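Trainee: I should like to study one part of this model closely. Please describe how its strands and helices are put together, and define each term as you use it.

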Amino acid sequence: MDPRCTQACEAVFLAAELRIAELSVSTAFLYPDQAFRGRCLLTLREHYTELFQLTPAVRTALMEDVSRIAEALFRALNPIKMNYDLLGNLVPHIHWHVIPRFREDGMYPKPTWAGQPAPITLAATERDALIARIRQDLR
């Protein structure tokens, strides 16, 4: 974690068992709550709070990382649509929520923030199998 990070930033650097991959400027994690199957968190390794603070090269690399994890999720899970959230109101460290959407998720086509589905924590074997599937499709 970047030494410039605050305590709030810890929330977007998830546990090692959730790590999918180290990408060019970010780390991809499987989100602990899998109410939206395949939801991932992509955390910029350096501490910045706004996209405009990034150099053009880092901003471009970050968008490539977002695209790579989204494509891997799409290949692995075959969703209807991919959703992308970059807010930073609670945790200002730049991080993307990359969320595959399915008719079966109970909220499609509404946005993910339109409701509060019951949290789902996968068993370790199921979590690890999902991470392996995503890694296999990561290019």
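Mentor: Let us begin with one pair of residues: Tyr84 has Val98, in strand E5, as its bridge partner. The model is predicted, so local features need pLDDT of at least 70 and side-chain atom pairs count only at pLDDT 80 or more, whereas totals for chains, interfaces and linings use all residues. Residues are numbered from 1 along each chain as its sequence is written, and side-chain values use heavy atoms, with hydrogens and water left out.

Strands (E, at least two residues) and helices (H or I, at least four) are DSSP runs, numbered from the N terminus. E4 and E5 run antiparallel and are joined by five bridges; two strands pair if DSSP finds at least two bridges between them. They belong to an open sheet of five strands with antiparallel pairing, in the order E1-E2-E3-E5-E4. E1 and E4 (81–85) are the edge strands, each pairing on one side only. From one strand to the next, the twist averages 20 degrees; such angles run from 0 to 180 degrees between the N-to-C directions of axes fitted to C-alpha atoms, for helices over the stretch in contact.

Within E5 (residues 95–101) lies His95. His95 is buried, with a relative accessible area of 8%; buried means under 20%, exposed over 50% and partly exposed in between, for a 1.4 Å probe and protein chains only. Leaving aside neighbours within four places in sequence, His95 is in contact with several residues, among them Val12, Leu41, Thr43 and Asp85. Contact means heavy atoms within 4.5 Å.

Two helices lie across the sheet. H1 crosses E1, E2, E3, E4 and E5, at about 25 degrees to E5. H2 crosses E1, E2 and E3, at about 25 degrees to E1.

The 13 residues of H2 (residues 124–136) should span 18 Å at 1.5 Å a residue, which agrees with the 18 Å between its end C-alpha atoms; the expected span is 1.5 Å times one less than the number of residues. The buried residues of H2 are Arg127, Leu130, Ile131 and Ile134. Seen down the axis of H2, these buried residues fall within an arc of 100 degrees, so they line one face of the helix; the arc is that of the directions from the helix axis to the C-beta atoms. An α-helix has 3.6 residues a turn, so residues three or four places apart point the same way. The buried residues of H2 pack against E1 (19–22), E2 (26–30), E3 (40–44) and H1 (56–77), while the face turned away from the buried side carries the exposed residues Thr125 and Gln136.
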